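Colleague: I'd like a close look at a single part of this protein, with enough of the surroundings to place it. Could you walk me through it?

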Amino acid sequence: MPKLRRAMAWFIDFALVVAVASALAVLTFHRMSLLVTDVPELATRSGFDLLSSRGDVLGSSEHLGLSLWNKAVLYVEEAFGLLVLVVFLYQWACLALLGRTVGKGLLGLRVDPAGAVPSGRARRAALRAAVTTAADVAVYAVACVLLIEGHFVLSVLVWAVAVAVFLLNALPVLLPARRSLADRLAGTAVTGLGLRRASDATEYGPPATPAGQGYGAPVAPEFGAPATPGYGTQTGPGYGAPAGPGHVGAPGYAPPGAPGYGPPGYGAAPAAPGFNMPDAMPPTRTS
């Protein structure tokens with residue numbers, strides 16, 4: 001099924017995104033751990049804060065804690081930003097250079113221009129990659145950053161927007177055209193394994209049925225329709241069908257004459273019984 005193949009291709013690509021996100025999470029956790037485990041730097045910083053606060057131990061401790069928290073938040077935000085950048089570059093490079101991502105390549109699919117002229121491949125790839133990245137990763141990353149920053153209500157609203165954008169991009173694939181929002185904005189279409197025929201039939205209409213294959217071909221004007229059996233119906237110009245018994249024939253045909261009568265304008269009828277034929281020799285007298 002084409003829709004199942006597209007879904008499997010998306011899952012493969014998203015699994016790569018999850019792998020990159022996991023690697024960035026491990027890297028971020030390691031950077032945050034260094035903030036606490038680096039004792040010399042931590043002691044130097046705390047001593048400087050204590051001296052600058054003129055002996056205010058609580059104030060210097062609070063300042064040190066806020067500094068560590070701000071650095072940790074900065075590391076997380078950098079990880080989300082790097083994730084968005086990596087996903088965009090992955091999508092753009094694969095589409096611009098190969099015409100397909102890893103998932104689509106494994107499933108025999110590719111991304112082609114929807115128009116007749118395949119021009120501006122890099123621009124189409126960049127636009128499609130931007131929409132795909134926004135729908136799959138970027139808006140969710142913004143929601144997570146807002147949550148870390150403490151903007152809970154705004155984060156929930158952005159999460160709702162992220163779900164809406166994802167559905168707007170994914171649901172059009174279920175339509176007969178099978179083009180996502182990213183495909184429609186970038187002017188592309190996912191083809192391969194019979195997908196082009198389905199999209200073309202929807203965008204440009206089904207192919208015309210040749211005349212005579214399942215439909216009656218138009219009758220040429222110089223030919224008439226066949227006459228109904230039993231009736232001498234006038235047919236098309238130049239043709240006449242023989243009349244049925246007991247009905248007046250079409251022009252050009254003469255019905256069989258009745259005994260003793262001949263129709264006007266046609267050959268003479270057979271002579272009545274007891275009379276000679278017109279061309280017969282007269283009888284000879286015998287003595």
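Modeller: Sure, let's take Ala122 as the part to look at. Ala122 has a relative accessibility of 42%, so it counts as partly exposed, since that value falls between the 20% and 50% cut-offs. Keep in mind that this is a predicted model.

Where does Ala122 sit? Ala122 belongs to helix α5, which covers residues 121–149. Setting aside residues up to four places away in sequence, Ala122 touches Trp92 and Ala96. Gly99 is another useful marker: it is 23 residues from Ala122 along the chain, and their C-alpha atoms are 9.9 Å apart.

Ala96 then takes us inside. Ala96 is part of the largest nonpolar core, a set of eight residues that also includes Ala9, Leu95, Leu107 and Leu109. Val111, Ala125 and Val190 complete that core. Val111 is a good one to click on: leaving out residues up to four places away in sequence, it touches Leu95, Gly99, Lys104 and Arg128, along with Asp183, Thr188, Ala189 and Val190. So Gly99, our distance marker for Ala122, turns up again as a contact of Val111. There is also a second, separate core of six residues, with Ala143, Leu146, Val158 and Ala162 among them. As background, nonpolar side chains in soluble globular proteins tend to be buried together.

Nonpolar side chains also show up on the surface here. Leu147, Phe152, Val153, Leu154, Val156 and Leu157 make a nonpolar surface patch of about 600 Å². Helix α6, residues 152–170, gives the largest share of that patch, with five residues. Leu154 is found in helix α6, and its relative accessible area of 44% makes it partly exposed.

Staying on helix α6, have a look at Asn169, which lies in that helix too. Asn169 is buried because its relative accessibility is 10%, under the 20% cut-off. Apart from neighbours within four places in sequence, Asn169 is in contact with Val131, Ala135, Ser180, Leu181 and Ala182. Past that helix comes Arg178, in the loop between α6 and α7, the latter being residues 181–186. Arg178 has a phi near 60°, a positive value in a residue other than glycine. Its relative accessibility is 18%, so Arg178 counts as buried as well.

If you're wondering about cysteines, the structure holds zero disulfides. Cys94 counts as buried at 12% relative accessibility, whereas Cys144 counts as partly exposed at 21%.

Now zoom out to the whole protein. It has eight helices and two strands, and along the sequence they follow the pattern α-α-α-α-β-α-α-α-β-α. Of its 287 residues, 27% count as buried. The protein exposes about 18800 Å², with carbon and sulfur atoms supplying 70% of that area. Among contacts with a separation of 6 or more, 56% are between residues 24 or more positions apart.

How values were computed
Residues are numbered from 1 along each chain as its sequence is written. This is a predicted model: local features need pLDDT of at least 70, side-chain atom pairs count only at pLDDT 80 or more; totals for chains, interfaces and linings use all residues. Side-chain values use heavy atoms; hydrogens and water are left out. Patches are made of residues with over 30% relative accessible area and no salt bridge: like charges are joined within 9 Å, nonpolar side chains (Val, Leu, Ile, Met, Phe, Trp, Tyr) within 5 Å. Accessible areas come from the Shrake-Rupley method with a 1.4 Å probe; for residues, only the protein chains shown count as cover. A salt bridge is a side-chain nitrogen of Lys or Arg within 4 Å of a carboxyl oxygen of Asp or Glu. Helices (H or I, at least four residues) and strands (E, at least two) are DSSP runs, numbered from the N terminus. Buried means under 20% relative accessible area, exposed over 50%, partly exposed in between (1.4 Å probe, protein chains only). A disulfide is a pair of cysteine sulfur atoms within 2.5 Å. A nonpolar core is a set of buried Ala, Val, Leu, Ile, Met, Phe, Trp, Tyr and Cys residues joined through side-chain atoms within 4.5 Å. Contact means heavy atoms within 4.5 Å.
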